[in-house]
Amino acid sequence: MSLKNLFRHENTRRQALVKGYVVPETARCVQCGICSYHCPIEIDVRLHAWLGQSVKDRHCLTCGECVARCPRGVLSFEVTRFFDERGNA
Amino acid sequence: MTQRFVIIGTGVAGIAAAQAIRQQLPQASITLIGDEPDLYYSRPGLAYYLTKELPESSLFPIRRSALQKLNIGIVHGRAAQIDPDAHRIQLANGQNLPYDRLLIATGASAALPKLPGTELEGVVKLDNLADTRHIIKLARKTRTAVVIGGGITALEIVEGLAARKIAVHYLLRRDRYWSSVLEDEESRVIETRLREEGVQIHYHTQATQITEKRGRVAGVLMQDGRQIPCQMVAIAVGIRPRLELAAAIGLRMERGILVNEFLQTSQPDIYAAGDVAQVFDPLTGYYNMDSLWGPARQQGYIAGLNMAGGQSPYQKLAPFNVTRLAGLTTTIIGAVGNGQDDDLVGIARGDSETWRQLPAAIAAQKGFDINRMRVMVGSQFLIGAIVMGDQTLSLPLQHLIAEKADITAIRDDLLNPQANLSETLLDFWTSWRNDYATQ
Ligand SMILES: Cc1cc2nc3c(=O)[nH]c(=O)nc-3n(C[C@H](O)[C@H](O)[C@H](O)COP(=O)(O)OP(=O)(O)OC[C@H]3O[C@@H](n4cnc5c(N)ncnc54)[C@H](O)[C@@H]3O)c2cc1C
């Protein structure tokens, strides 16, 4: 059953490999910890969600694993406007 | 003199209150009393532990050491009695604790149906970590299980047992699943998926007895005389707030402890928050019960601020939950419901009374295959929504409903079966959000 979801998650994951950071929608979070569990470099994403803070950890690989795994759609990927801003400058 | 704050219950409401008090009063004495040895863990996370998606070690968001660092005292034990005149709590072990301000955040526990045999070894419920460990242990020796009840918890147990390769029989009293919140077709989608997972659903079925063999579950006897042999019976017919402490001292209560919008009970120095509280909503004039993690956190936090001397009212948002029903991600927001459900007594876990209120609204629907969406369209606002499967519109609908966005401009389109509901909503949300951000 959750296999179907996993495949869908894989798609999201690939799309997420861009420059940016992970932003939580705290009201949706129940602190289950699936995000932190799947973080390959052990960032405590769950704590960020509790505090309502974006994951602006310089170690974050922006792999999107936490975004894809969260069963409640708490996390999303905010793309930094780095290139836009430069281009427009 | 330093003020003494005591909190009964180490669930999310209790933890949020302790943190709020500490934020306000760095010197105050704060003590948490909890009867669970595991202290604070993610209760909703238990469902993922059961399905093997999470190891037990990942369930603990804030550990004992982090609380100790905040100089929050922790007492392991059961609060047995409150003496409001002497401002004192007695624990079951006889220990006494004085308080100036007290928070009751005792949560709720599973209701048991009047069914002979519920005391047998092999009958389980899903309230806490100890229950989850117990189910996992029993699952190793279980080939067949019967699940009785409704709502989210019943299905979480069904999924957990199915993930552990147990043959599951799910008993429903009437003709469909969760009829108080879901519409007919939505129930059918879930039931179809359950059957695809190998779950056997028995409609119009009522258990009359759990049978035994040497003190252990041997089967379930049903009203039509049939018997399902099994080694485990799981019960999820709803929850009851843990009201004993409040009842013994005559706090005002109905289904839960009645509190005003400042989370204060009928005794001024005693507050209540979370699953145990029935909270006054000044907008509607009603006292509401939720069994939702987000509101429990928010209520605990607000209670903490007020116990520390603040005057913050609790503002009830549209109740909201994202859950998985038979593997299908489902968001439920605001008022969507249809009233009664015979598989549940009162409220269930992850549930809100608001969902069952029949909204003064017309349903706009969109459904194909497994992805479904139902939006309750009021005269000026969206009142509720259910999004099943594709979750693209889950967040936009949460925002539009919670913030009471004026939908007058798109109302006709929303109700026009020829118009594209998703596109209409998505376009509207995008421009609404831009306006909202620049306000
Ligand atoms: C399996 C499961 C799945 C859930 N899924 C969701 C979900 O997806 N979304 C959602 O919004 N909600 C969900 N919930 C509901 C959510 O967990 C509750 O709404 C929330 O935990 C309520 O918090 P609380 O602090 O009020 O109470 P609780 O978390 O129940 O904590 C109360 C604590 O007080 C302790 N206690 C009680 N009496 C005493 C006493 N006399 N002395 C000492 N200690 C005492 C209890 O043992 C408990 O530890 C789920 C619940 C369960 C069980």
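This is a short tour of the structure in your viewer, stop by stop.

**Before you start**

The model is predicted: local features need pLDDT of at least 70, side-chain atom pairs count only at pLDDT 80 or more, and totals for chains, interfaces and linings use all residues. Residues are numbered from 1 along each chain as its sequence is written, chains are lettered from A and ligands numbered from 1 in the order in which they are written, and side-chain values use heavy atoms, with hydrogens and water left out.

**Stop 1: the ligand**

Select the ligand and show the residues near it (near means that a heavy atom of the residue lies within 4 Å). You should find 33 residues around the ligand, the closest being B:Asp35, B:Glu36, B:Arg43, B:Asp275 and B:Trp293. Colour by chain next: the surrounding residues come from chains A and B, so the site is shared between chains.

Now colour that shell by residue type. Ala, Val, Leu, Ile, Met, Phe, Trp, Tyr, Cys and Pro count as nonpolar, Asp, Glu, Lys and Arg as charged, and the others, Gly among them, as polar. The shell divides into 12 nonpolar, 11 polar and 10 charged residues.

Next, look for polar contacts (pairs of N or O atoms within 3.5 Å; within protein, one must be able to donate a hydrogen and the other to accept it, and residues adjacent in sequence count only if both atoms are side-chain atoms). Three to select are these:

- A:Arg72, where an N or O atom of the side chain is 3.2 Å from a ligand oxygen.
- B:Ala79, with a polar backbone atom 2.9 Å from a ligand nitrogen.
- B:Trp293, with a polar backbone atom 2.8 Å from a ligand oxygen.

Taken alone, the ligand exposes 1,000 Å², and the protein buries 97% of that; such areas come from the Shrake-Rupley method with a 1.4 Å probe, and for residues only the protein chains shown count as cover. Switch on the cartoon to see which elements take part. Helices (H or I, at least four residues) and strands (E, at least two) are DSSP runs, numbered from the N terminus. In chain B, α1 (12-24), β2 (29-34) and α8 (293-307) are the elements that give two or more residues to the shell.

**Stop 2: two hairpins in chain B**

From B:Ala79, already on your screen, look across to B:Leu91 in β5(B), which stands opposite. Strand β4 (residues 79-83) and β5(B) run antiparallel and are joined by four bridges; two strands pair if DSSP finds at least two bridges between them. These two strands form a hairpin with four residues between them, and B:His87 in the turn has a positive phi of about 50 degrees.

Which side chains of β5 (residues 88-91) point to the buried face? B:Ile89 and B:Leu91 do, while B:Arg88 and B:Gln90 point to the other face and are not buried. Here buried means under 20% relative accessible area, exposed over 50% and partly exposed in between (1.4 Å probe, protein chains only).

Continue to β6 (residues 96-98) of chain B, which runs antiparallel to β5(B) and is joined to it by three bridges. B:Gln90 stands opposite B:Asn96. In this hairpin, B:Gly94 takes a positive phi near 95 degrees.

**Stop 3: a serine facing chain A**

Select B:Ser42, in the loop between β2 and α2 (46-50) of chain B. Is B:Ser42 buried or exposed? Its relative accessibility is 0%, so B:Ser42 counts as buried. The B:Ser42 side chain reaches the backbone oxygen of A:Val30 at 2.8 Å. Leaving aside neighbours within four places in sequence, the contacts of B:Ser42 (heavy atoms within 4.5 Å) are A:Val30, A:Gln31, A:Cys32, B:Leu59 and B:Pro61.

**Stop 4: chain A**

Show chain A by itself. Chain A has five helices and two strands, in the sequence pattern α-β-α-α-α-β-α. Of its 89 residues, 42% are buried.

**Stop 5: the parallel sheet**

Back in chain B, find the open sheet of five strands, ordered β9-β16-β10-β11-β12 with parallel pairing. Its edges are β9 (123-124) and β12 (200-202), each pairing on one side only. At the β9 edge, B:Val123 stands opposite B:Val233 in β16(B). Further in, five bridges join β10 (residues 144-149) to β11(B), and B:Thr144 has B:Ala167 as its bridge partner. Four of the five residues of β11 (residues 167-171) are buried.

**Last stop: helix α10**

Finish at α10 (residues 394-402) of chain B, where seven of nine residues are buried, among them B:Leu397 and B:Ile401. After the helix comes B:Lys404, with a positive phi near 50 degrees.
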